[in-house]
Every structure is written in C-alpha cells, then in structure tokens.
Amino acid sequence: MGYIEELREVVGHRPLIFVGSVTIIIDELGRLLLQQRKFPNGTWGITGGLMELGESTADVARREVYEETGLKVDKLNLINIYSGPQHYIKAENGDEFYVVTVAYFSEGYEGELNIDKSESIKFEFFYPSELPENIVNSHRAILDEFLTKHYSITK
C-alpha cells in the first residue's frame, strides 16, 4: 500500500493536497509522447503521477516515466508549477483533493517503450500540429504552455 492509500485510511474522503509531476518527452523528430489512459474513458495525457514520501518532484517525474513507459529520462527542464482552486478534484469514490503539479519536459530518453497495461491503452508520439482532441484538460493547458514558451527552443 502506498502513501496515498495509507493516508486515505486515516482521513477518509476529506480534501487533501497532493503533489505530482508530469513529463513531456520529445523524440528526435520533435514529436511529443502522450499516453492514452484507461481512465477516464481513453483520454490522452502526459506521463506522470503523485509523489511518494521522500521523493523530490524530479524523482517523481523520472519514476513515473519509467513505471509507465519503461523509458529513462535524465535531464528535466521545468515548464511551470500548477496549483490553485482550478486543480480541485473529486473522484468517483468521493475522495477530494487539490493537486500541485510540477511539469517538466525532457528531450532525451533511453530504453524501449514498454506499456503498463494497468494504466495505459497505448503510447504514441505526436507532432504538435497533430495532437489528439481528447486530452485531459489540465494536461492540455500544460501542453499549450510548453508549446508556446519552450518548444521553439527544443527544435
């Protein structure tokens, strides 16, 4: 059982603050890696997840990329930190939380793509002009900021 599950056993459904990281991975052609998630309903998103005790946000980013894709990233570049009332979530089971998300991008990776079927339907690299429509709203905002402020320097 992880930190969040243990915490939920103590506090129930009360609102909590969670910290997480997401990472946009860019391949040698300038395409962005997206994950088609099982939940919710096959939407696309950026690889990432929530912090465990003792981790830095960079640790979270690297761990989640590896767990979900089998890829290893080294250099992480900060996009932004997202927080506030618009990042409130009430899960189907009644759990309430606010997420503080640290978004990174990485232009290099090692390894072979290996999908964690418990979370993902598939992974695919997309050119920025060809991103799918059904992207998680908070991830769409991160992608938009990345493409506006950081992408031109990565080509």
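Select K90 and E96: E96, in β7, is the bridge partner of K90. Strands here are DSSP runs of type E with at least two residues, helices are runs of H or I with at least four, and both are numbered from the N terminus. This is a predicted model, in which local features need pLDDT of at least 70 and side-chain atom pairs count only at pLDDT 80 or more, while totals for chains, interfaces and linings use all residues. Residues are numbered from 1 along each chain as its sequence is written, and side-chain values use heavy atoms, with hydrogens and water left out.

**β7 and its partners**

Show β6 and β7, which run antiparallel and are joined by 3 bridges. Two strands count as paired if DSSP finds at least two bridges between them. The hairpin of β6 and β7 has 5 residues between the strands, and G94 in this hairpin takes a positive phi near 95°.

Add β1 next: 10 bridges join β1 to β7, and these two run parallel. To see one pair, pick T23, which stands opposite Y104 in β7. Then add β5, which pairs with β7 in the antiparallel sense over 5 bridges. Here N77 has F105 of β7 as its bridge partner.

How many of the residues of β7 are buried? The number is 8 of 11, so β7 is mostly covered; buried means under 20% relative accessible area, exposed over 50%, and partly exposed in between (1.4 Å probe, protein chains only).

**The loop between β5 and β6**

Select H87, in the loop between β5 and β6. H87 is buried, with a relative accessible area of 16%. Leaving aside residues up to four places away in sequence, H87 touches Y82, F97, Y98 and V99; contact means heavy atoms within 4.5 Å.

G84 lies in the loop between β5 and β6, and at 29% relative accessibility G84 counts as partly exposed. Draw a line from G84 to N41: they are 43 residues apart in sequence and 25 Å apart in space, C-alpha to C-alpha.

**The cores**

Select I24, L32, L34, I79, I142 and F146, the residues with the most contacts inside the largest nonpolar core, which has 18 residues. Such a core is a set of buried Ala, Val, Leu, Ile, Met, Phe, Trp, Tyr and Cys residues joined through side-chain atoms within 4.5 Å. β1, β2, β5 (77-82), β7 and α3 each give two or more residues to this core. α3 gives the most, with 3 residues. Centre on I142: its contacts, not counting residues up to four places away in sequence, are V22, I24, I46, I79, Y82, T101 and A103. A second, separate core has 12 residues, including I25, L71, Y104 and F123.

**The open sheet**

Now show β3, β2 and β8: this open sheet of 3 strands has the order β3-β2-β8, with antiparallel pairing. β3 (44-45) and β8 (120-126) are at the edges with a single partner strand each, so one side of each has no neighbour in the sheet. β2 and β3 pair over 2 bridges; Q36 has W44 in β3 as its bridge partner.

**Helix α2**

Finish at E64 in helix α2. Is E64 buried or exposed? E64 counts as buried, at 7% relative accessibility. Not counting residues up to four places away in sequence, E64 touches T47, G48, G49 and L50.
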